[in-house]
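Grab a pencil and work through a few exercises on the model shown below. Try each task yourself before you read the solution.

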Amino acid sequence: MPYYRAFFGWWVRAPLARFSTPEACVPGINMKAKVYVTLKPSVLDPQGKAIKHSVELLGYDGIDDVRQGKYFEIALDSGLNEDNARTEATRMAREILSNPIIEDFRVEIEK
Amino acid sequence: MLAREPRRRRTPKLALHIMKFGVIVFPGSNCDHDAYHVISKHVGQPVDFIWHRATDLSSYDALIIPGGFSYGDYLRAGALASFSPVMASVKQFAAQDKLVLGICNGFQILCEAGLLPGALIRNRELHFVCEHVNVRVESTDTPFTHELRRGQVLKVPVAHAEGNYVCDDATFEELQRDNRVIFRYSDRHGRVSEEANINGSRDNIAGICSRGRNVMGLMPHPERACEDALGSSDGRAIFHSLVGAVTAIAA
């Protein structure tokens, strides 16, 4: 039955996946991609403005501007090498995590 | 003998041409039933709900992407919905010059999906705006507004926190040049001013259409303004225009 086949397929393949590439054989080097998404300088940031206003009310001095952004941590499969991880994370950031019309992004890979 | 009171028309006036509507339902859509009600009761055309996993849209003549909070507005409003399976089919649908109307969250989804230019960010005052506003009709050269008059002011409700339309200068100039700005926020006399701009949108833009003029997105809710009991019935003309447009193409 297809149901059983799918199950046993996974049963056999899942443990073997750990040895699929040389990198995957080395345990414990899970990488993390950190993606920072910020509004483009030309786009007005009403939330940042409100935060700046509150911060100033609390008496903090010397604040020129506050811009609010987003931060993503993506745990990556240990099978990826660093270049691949960077490519994949960048693609993800460009296609999903940021909207290129209003936002910029920056990707960092942490070992 | 007392004059007999004229019997009220129970069936909708427009039932001549059959045009099939689809209302796309995402997890978190909440204006889907309003749109369904308007199409079935006031416009008198067949209408279906389409779940966001559907991929076959071949039997529909027009799609409505309703308002709401698809996927809880996570990431960005409309972003996650624009990656759902049905949107790939919607892109093909739009490429065949069929009509797609995005209302509120639907507008955000269409922008995220790239079917309309620009983006919608947080309102200038950061508040969730929920009130009846006036919008001025800027272009009647679309399938959605040809039964309206240019300069006509419609009273329609808005309900959004991310309706602040932004786009770069090149896009803005293109929108202006091709007359693709369809609605602008105005006062009730049709004066477009900074006070009437409820959310800080660029140049008071409330609704735009695509290059092919067959995809329109707008932040106000015309489907909630189709019955006098709800405070306004100005939104009906948009849906009647839609039906007229398709029957004109078919004829």
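The exercises below use a predicted model, and each task comes with a worked solution.

**Exercise 1. The contact between the chains**

Task: Work out how many residues each chain puts into the contact, and which helix of chain A gives the most to its side.

Solution:
- Start with the count: eight residues come from chain A and 11 residues from chain B.
- Now look at the chain A side. Helix 3 (residues 46–57) of chain A is the top contributor there, with three residues.
- Then sort the chain A side by type: six are nonpolar, two are polar and none is charged.

**Exercise 2. Checking a helix**

Task: Compare the span of helix 3 of chain A with the expected value, and find what follows the helix.

Solution:
- Helix 3 of chain A has 12 residues, and at 1.5 Å a residue you'd expect 16 Å.
- From first C-alpha to last, helix 3 of chain A reaches 17 Å, which is close to that expectation.
- Step past the end and you meet Gly59(A), with a positive phi near 100 degrees.

**Exercise 3. Is Ala89(A) buried or exposed?**

Task: Place Ala89(A) in its helix, decide on its burial and list its contacts beyond its neighbours in sequence.

Solution:
- Ala89(A) sits in helix 4 (residues 82–97) of chain A.
- Count its surroundings: Ala89(A) has 24 C-beta neighbours inside 10 Å, and the cut-off for buried is 20 or more, so Ala89(A) counts as buried.
- Set aside the neighbours within four places in sequence, and Ala89(A) is in contact with Ala33(A), Val35(A), Ile74(A), Val107(A) and Ile109(A).
- For a sense of distance, take Tyr36(A): Ala89(A) and Tyr36(A) are 53 residues apart in sequence and 11 Å apart in space, C-alpha to C-alpha.

**Exercise 4. Tracing the sheet of chain B**

Task: Give the strand order of the nine-strand open sheet in chain B, name its edges, and look at the pairing of strands 4 and 11.

Solution:
- Chain B has five helices and 11 strands. An open sheet of nine strands runs in the order 2-1-3-4-11-10-9-6-7, with mixed pairing.
- The edges are strand 2 (47–51) and strand 7 (153–160) of chain B, each pairing on one side only.
- From one strand to the next, the twist averages 25 degrees.
- Zoom in on strand 4 (residues 99–103) and strand 11 (residues 215–218) of chain B: they pair in the parallel sense over four bridges. Leu101(B) stands opposite Met216(B), which is in strand 11 of chain B.
- Finally, helix 2 (residues 85–95) of chain B lies across strands 1, 2, 3, 4 and 11 of chain B, at about 130 degrees to strand 4 of chain B.

**Exercise 5. Two positive phi values**

Task: Compare where Leu75(B) and Asp97(B) sit and how exposed each one is.

Solution:
- Leu75(B) isn't a glycine, yet its phi is positive, about 65 degrees. Leu75(B) is in the loop between strand 3 and helix 2 of chain B.
- With 18 C-beta neighbours inside 10 Å, Leu75(B) counts as partly exposed.
- Asp97(B), also not a glycine, has a positive phi near 65 degrees. Asp97(B) is in the loop between helix 2 and strand 4 of chain B.
- Asp97(B) has 12 other C-beta atoms within 10 Å, so Asp97(B) is exposed.

Notes. Residues numbered from 1 in each chain as written. Chains lettered and ligands numbered in written order. Predicted model: local features only at pLDDT ≥ 70, side-chain atom pairs only at ≥ 80, totals over all residues. Contact = placed C-beta atoms within 7 Å. Helix = DSSP H or I, 4+ residues; strand = E, 2+ residues; numbered from the N terminus. Nonpolar A, V, L, I, M, F, W, Y, C, P; charged D, E, K, R; others polar. Expected span 1.5 Å × (residues − 1). Pairing = 2+ DSSP bridges. Axes fitted to C-alpha atoms, helices over the stretch in contact; angles between N-to-C directions.
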